[in-house]
Structure formats: structure tokens, C-alpha cells
Amino acid sequence: MKEVFLLQFRRIPSSVFLISFLILSIMLLIVFILRKNNRAIRRSVFSMFLIEYVFIMFCSTVICRETKDTHHIELMPFWNYHNVLNVDRPADYWEVLLNIILYSPIGFLLGCLYKRLLPTIMICVLLSVVTEVLQYVLHRGLCETDDVIHNILGSLFGWFLYISLRGRFVKLIRLREK
């Protein structure tokens with residue numbers, strides 16, 4: 001699985017990671033210097049991590065992908081599940097799993113920012129649809145409703161993970177603020 005997961009990010013040049021990491025580091029340093037309120041610092045940090053992750057995700061799924069000669073759109077939900085359930089084609093299974101994993105951090109970070117499910121889902125749907133449309137328009141991948149469904153499942157998983165850990169975070173933060 002590690003190899004399959006790394007394939008998702010292999011297309012991104014290391015210089016992109018380095019530049020985005022440097023920009024994120026500088027932004028975080030500025031936030032810690034300028035902000036006085038711990039809540040504002042936490043919100044700013046989560047926002048920056050979200051922006052950074054969305055940028056890397058767009059690099060992986062759209063920007064750094066090779067252009068294909070043709071583009072295709074698949075609007076029928078779950079069209080590929082006969083391949084996913086077929087033992088002879090494990091790549092399709094891993095593709096579904098990667099789409100779920102790819103959006104889990106976004107759901108988690110949006111949970112940290114908004115704490116409510118509806119804004120999290122709306123933003124994830126928007127990001128996922130934009131990704132699929134860009135893949136179609138730029139000839140950078142298959143535009144399919146399955147990816148949107150799996151991305152939403154991933155964001156739900158991330159949001160529920162945040163909700164399950166939120167109580168622990170709140171206790172830890174209150175202890176640190178005393």
C-alpha cells in the first residue's frame with residue numbers, strides 16, 4: 001500500500017514540496033509573531049495547513065499529472081465497482097482507497113476550523129468537483145462521479161476522526177492554557 005500511496009505524490013517535483021514547505025514555515029512564523037490570542041493562532045495554523053494540503057492535493061491530482069490525448073467523463077455512480085471487487089485488478093481497489101485517504105486530512109482540518117459537518121461537506125464537494133472538472137478540461141485524468149463520492153467519504157472519515165478526538169484536544173488545550 002505504501003508504494004501505491006507514494007505513487008500519488010511521485011509526480012510532484014521535489015522543488016514544489018520544498019517551496020511550499022518554506023512558504024508555509026514563513027507564514028506560520030509570522031502568525032506566531034503577530035497573533036496574541038491562542039484561539040486565533042490555532043485557527044490560523046489549521047487554515048494554513050489546509051491551504052498547504054489542498055495545494056499539494058491539486059498538484060497531485062491535476063497540476064503535475066501528464067496530459068492525455070483524450071478526455072473522458074463517467075457520470076454513472078459506482079461504474080467501476082465490478083473491477084474493484086475483482087481480485088485480479090487490485091489497482092482499482094487501491095484507487096478507491098487512495099481517493100478516500102486523500103480527502104481525510106481535508107475533512108479533519110475543516111472540522112478543526114468549522115466544527116460543523118455541513119460546511120465541511122460543502123467545501124469538500126466543491127473541492128472535489130473542481131478537481132474533477134479541471135481533470136476533464138485539462139485532459140489530466142478521468143472525470144468521474146465515483147471520485148467525488150469517495151472524496152466525500154474521505155472527508156466524512158476525517159471529520160468524524162476530528163469529532164472523536166475533539167474532546168481530548170479540548171482537555172489538552174485547557175490544561176496548557178492554565
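Start with the empty space: the structure holds 1 cavity of 30 Å³ or more. A cavity here is a set of points, on a 1 Å grid over the protein atoms alone, where a 1.4 Å probe fits but cannot get out. Grid points are joined across faces, edges and corners, and a volume is the space filled by probe spheres set on the points. By that reckoning the largest cavity comes to about 50 Å³.

Before you go on, note that this is a predicted model: local features need pLDDT of at least 70, side-chain atom pairs count only at pLDDT 80 or more, and totals for chains, interfaces and linings use all residues. Residues are numbered from 1 along each chain as its sequence is written, and side-chain values use heavy atoms, with hydrogens and water left out.

**Stop 1: the cavity lining**

Select Asn80, Glu95, Val96, Glu144 and His150; of the 11 residues that line the largest cavity, these lie nearest its centre. A lining residue has an atom within 4 Å of a cavity point. Now colour by helix (a DSSP run of H or I, at least four residues; strands are runs of E, at least two; both are numbered from the N terminus). Helices α4 (81-84), α5 and α7 each supply at least two residues of the lining of the largest cavity. Which helix gives the most to this lining? It is α5, with 4 residues.

**Stop 2: the aromatic pairs**

Next, show the aromatic side chains, among which the structure holds 2 pairs. Rings of Phe, Tyr and Trp (its six-membered ring) pair if their centres lie within 6.5 Å; planes under 30 degrees apart count as stacked, over 60 as edge-to-face and the rest as tilted. Select Phe108 and Tyr162: the ring centres are 5.9 Å apart and the planes stand at 80°, so this pair is edge-to-face. The pair joins distant parts of the chain, with Phe108 in helix α5 (residues 90-114) and Tyr162, 54 residues apart from it, in helix α7 (residues 145-177). Both Phe108 and Tyr162 are buried, where buried means under 20% relative accessible area, exposed over 50%, and partly exposed in between (1.4 Å probe, protein chains only).

Then pick Trp159 and Phe160. Their ring centres lie 5.1 Å apart with the planes at 75°, so this pair too is edge-to-face. Is each partner buried or partly exposed? Trp159 counts as buried at 10% relative accessibility, while Phe160, at 46%, counts as partly exposed.

**Stop 3: a charge over a ring**

Select Arg43 and Tyr114. The charged end of Arg43 sits over the ring of Tyr114, 5.8 Å from the ring centre. The test asks for NZ of Lys or CZ of Arg within 6 Å of the ring centre and within 35 degrees of the ring normal.

**Stop 4: the nonpolar cores**

A nonpolar core is a set of buried Ala, Val, Leu, Ile, Met, Phe, Trp, Tyr and Cys residues joined through side-chain atoms within 4.5 Å. Select Leu50, Val54, Met57, Phe58, Tyr103, Ile106 and Leu127, which touch the most other members among the 14 residues of the largest core. Helices α3 (38-63), α5 and α6 (117-137) each supply at least two residues of this core. Centre the view on Leu127: setting aside neighbours within four places in sequence, Leu127 is in contact (heavy atoms within 4.5 Å) with Val54, Phe58, Tyr103 and Ile106. A second, separate core has 6 residues, including Leu24, Leu28, Ile41 and Val45.

**Stop 5: two buried hydroxyl residues**

Thr131 is placed in helix α6 and counts as buried at 2% relative accessibility. Beyond its neighbours within four places in sequence, Thr131 is in contact with Met57, Phe58, Thr61, Val62 and Tyr103.

Move to Ser104 in helix α5, also buried, with a relative accessible area of 11%. With the same neighbours within four places left out, Ser104 is in contact with Gly154, Ser155, Phe157 and Gly158.

**Stop 6: positive phi in the loops**

Lys115 has a positive phi of about 65° although it is not a glycine. Lys115 lies in the loop between α5 and α6 and counts as partly exposed at 42% relative accessibility. For His139, phi is near 60°, again positive in a residue other than glycine. Look for His139 in the loop between α6 and β2 (143-144); it is partly exposed, with a relative accessible area of 23%.

Terms used
1 Å grid on protein atoms, 1.4 Å probe; cavity = no way out; pocket = protein on both sides within 12 Å on 5 of 7 lines; lining within 4 Å.
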